[in-house]
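Here are a few exercises to work through with the model open beside you. Try each task on your own before reading the solution.

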Amino acid sequence: MVQNNFSRFRGANKYILDDELAEIVNVSMALEMPLLLKGEPGTGKTMLAYAIAESLGMPLIILNVKSSMKLVDALYQYDTLTRLNDSRFSDSSREVSNIEEYIKMGKIGQAFVSDVKTVLLIDEIDKADTDFQDDMLDVLDQMEFDIMEVDKTISAKNRPVIIITSNAKKDLSDPFLGRCNFHHIAFPGEETMRKIIGVHFPDLKKEIMDACVKNFYGLRKLEGIEKKPATRELINWIRALKADPDFKLSLLEQGNVPYLGVLYKKSPDMKLVGNAISRSRR
Amino acid sequence: MFVSFFYSLRDRGIPVTPTSFLRLQQAMRLGAIRSLNNFYVVARALLVKSERYFDIYDQIFAHHFEGVELPDPDEIELNEMTKLLLDEWLKNPEAVADALGVKEEDLQKLTPEELEQYFLDRIKDQTEAHQGGKKWIGTGGTSPVGHSGFHPGGMRVGGVSHNKSATKVALDRRYRDYSQEGPLTQSQMGEALKKLRRMVPAGPMDMVNVDKTIYKTMKNAGDVEIIFDRRLADRLKVILLIDNGGWSMDPYIPMVQTLFNYARNQFKDLKTYFFHNTIYDRVWADAARYRNSEMITDFIKKDPDTRIVIVGDASMAPYELMYEGGSIYFGEKKRKPSIETLQFLAQTFHHCVWLNPNSKRAWEHTWTTDVIRKVFPMFELTLDGLDGAVSHLMSKN
């Protein structure tokens, strides 16, 4: 029975999944509820959707939410301008009197009309205003929406797997939260981080890995940093170190941190960290 | 056993809804939960909707499931649960029906009494059916992680520890970060604030102006010419100044939290500052009033159209307001009395209001309130007061 639906998702090629999250993803898929992910930037919220799509072999549709976005933009678009243009020049193959030819599906619309089950990633939902969020959940709850211009209802052929991410800038509304499952992805601990690095750099020497991870977590502990370096920065940093022919392990062990700019993106942060490092070396 | 778990969560202030509880039952029916470890994770994802509560959840979970003999839920709890479920049903029948796995229409045919009985039976059902769960709690050894996996301090999220001893004030600084504390659902407040908007054209010219397009096209004798406009967007700037210190504000914390939460959702361009009792030379951007301060005199650089909303009880010792060096904190060198700073704000910005959580009747009894009232239009922090404040902020003078 339904049992078969379970435990299908076990992680993907380049994604280290903890058991807890896997469980939650599977339950959400079984209950057919959207999964809301919160967490620090760089904890892999967005990557999770890629990983699910990859491991289940489903196409991934990404809706990048913008602050100015209206719900209708995510559902469909009625291309009035092209129609006007066609009616004027009549050199296209489209039939001007048929409005449906000028309806283009938005991201949610695409997920609904797709012939196969898709993974729908709604990225950074917190950017949009509350009305957008609530209205969207209505659509996702009912799995259908109307196209006003042609008086047609689009219902989902397959219920997509819905992943929603939020950077927790704002709290989401209660009705919204009520309709989602929730998970907060904590920043990975050293153990997990080693695994993640291992996946990205299979041939990295253990000493370098140790030194990098140790340095990295040391740097994260510094107080007053505006944007702490995350997984993405660490991976880029290691990449930079590997690419540098002059890099020696002893440098790191002495407390030197080359390529600070890869880890820190804001100038006050850079200054603060630079000071802290030179102090600790003395 | 799960019913009492549900109640423990509610009692400790985690806003769990009956619908989500039923969803949890549904997940069990589907066979999603095979071990205590599983249950821990799934229940959290379904019931707890903010990482703020994860810590409490862990504590309750550990307390609840750590090998204790679990009593059957008593009648009162079941009745309570039924009541809650009825409430939920009235609000959102579809969701409840869905969670119970029955058709909404079937439930609608029932009389209220029948419905109540039905819910009660269903809840009993659920709890009895899952009494079996006791067993897998007992044989915890088979679960891969075991109880020890859930220690109360299990997961810690966010949270910055403030080093209190570092503060230089002589008095104990009791701060509250209004943004961090629990959720509030007084949606009327949001409704009242919604009127506070200023729509101005902004962004790229990407909206077709139909009227102008038709007009131009007619003028061109039918040759289509499309006219674009900028979209209207809310560009209202709001500065919220909150009194978050002192015992006198403590009773109003929930109310101010509500205001703060809604303001944060509502306004694109909102800056919040904190002060204690009254405003001297500077205000603080962090709730602890310690790290991030801004000089009031720098406010003159801001757009004079900015709306200033001050929240505070305006009651303090008169000298705090009137005298030089009136600040109750050490090391805060003062040049001018606070009242002048307030006057400066009122003159710089055309639209200022003071929201006072104290009721209007009390205002006259506090001397400082009366003085501040003469500087800023003062409104009660109630729905009516808020309405008045909003219309004052939107007036065109």
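**Exercise 1. A loop residue in chain A**

Task: Locate A:Asp151 and decide whether it is buried or exposed.

Solution: Start with the position: A:Asp151 lies in the loop between strand E6 (144-147) and strand E7 (152-155) of chain A. Keep in mind that this is a predicted model. Next, count neighbours: 8 other C-beta atoms lie within 10 Å of A:Asp151, so it is exposed. Finally, look at the backbone: phi of A:Asp151 is near 55°, a positive value in a residue other than glycine. For background, most residues other than glycine have a negative phi.

**Exercise 2. Another positive phi**

Task: Find where A:Glu32 sits, and explain why it counts as partly exposed.

Solution: A:Glu32 belongs to the loop between helix H1 (19-31) and strand E1 (35-39) of chain A. Its phi is positive, about 55°, although A:Glu32 is not a glycine. For the burial class, A:Glu32 has 13 C-beta neighbours inside 10 Å, and therefore counts as partly exposed. The cut-off behind this step is that 12 or fewer would make a residue exposed and 20 or more buried.

**Exercise 3. Reading a helix**

Task: Check the length of helix H6 (residues 130-142) of chain A, then work out how its buried residues are arranged.

Solution: Begin with the span. At 1.5 Å a residue, the 13 residues of H6(A) should cover 18 Å, and the end C-alpha atoms are 19 Å apart, which agrees. Now pick out the buried positions: A:Gln133, A:Met136, A:Leu137 and A:Leu140. Viewed down the axis of H6(A), these buried residues fall within an arc of 100°, so they line one face of the helix. The face turned away from that buried side carries the exposed residues A:Asp131, A:Asp138 and A:Gln142. As for partners, the buried residues of H6(A) pack against helix H3 (71-75), strand E8 (161-166) and helix H7 (174-178) of chain A. One last detail: just after H6(A), A:Met143 takes a positive phi of about 60°.

**Exercise 4. From a strand to its sheet**

Task: Describe which way the side chains of strand E2 (residues 60-64) of chain A point, and give the strand order of the sheet that contains E2(A).

Solution: First, recall that side chains in a regular strand alternate between the two faces of the sheet. In E2(A), A:Ile61 and A:Leu63 point to one face and are buried, whereas A:Leu60, A:Ile62 and A:Asn64 point to the other and are not buried. Second, follow the pairing: five bridges join E2(A) to strand E5 (residues 119-123) of chain A, and the two run parallel. Among the bridge partners, A:Leu63 is matched with A:Ile122, and A:Asn64 with A:Asp123. Third, step back to the open sheet of five strands, whose order in chain A is E2-E5-E8-E1-E9, with parallel pairing. E2 and strand E9 (181-185) of chain A stand at the edges with a single partner strand each, so one side of each is left without a neighbour in the sheet. Neighbouring strands of this sheet are turned by 20° against each other on average, direction ignored.

**Exercise 5. Where the chains meet**

Task: Characterise the side of chain B that touches chain A.

Solution: Count the contacts: 29 residues of chain B are in contact with 26 residues of chain A. On chain B, helix H2 (18-29), helix H3 (36-47), strand E1 (199-208) and helix H12 (253-266) each supply at least two residues of that side. By class, the side of chain B that touches chain A has 15 nonpolar, 10 polar and four charged residues.

Key:
Residues are numbered from 1 along each chain as its sequence is written. Chains are lettered from A and ligands numbered from 1 in the order in which they are written. This is a predicted model: local features need pLDDT of at least 70, side-chain atom pairs count only at pLDDT 80 or more; totals for chains, interfaces and linings use all residues. Two residues are in contact if their C-beta atoms, placed from the backbone, lie within 7 Å. Helices (H or I, at least four residues) and strands (E, at least two) are DSSP runs, numbered from the N terminus. Ala, Val, Leu, Ile, Met, Phe, Trp, Tyr, Cys and Pro count as nonpolar, Asp, Glu, Lys and Arg as charged, and the others, Gly among them, as polar. Two strands pair if DSSP finds at least two bridges between them. The expected span of a helix is 1.5 Å times one less than its number of residues. The arc is that of the directions from the helix axis to the C-beta atoms. Axes are lines fitted to C-alpha atoms, for helices over the stretch in contact, and angles run from 0 to 180 degrees between N-to-C directions.
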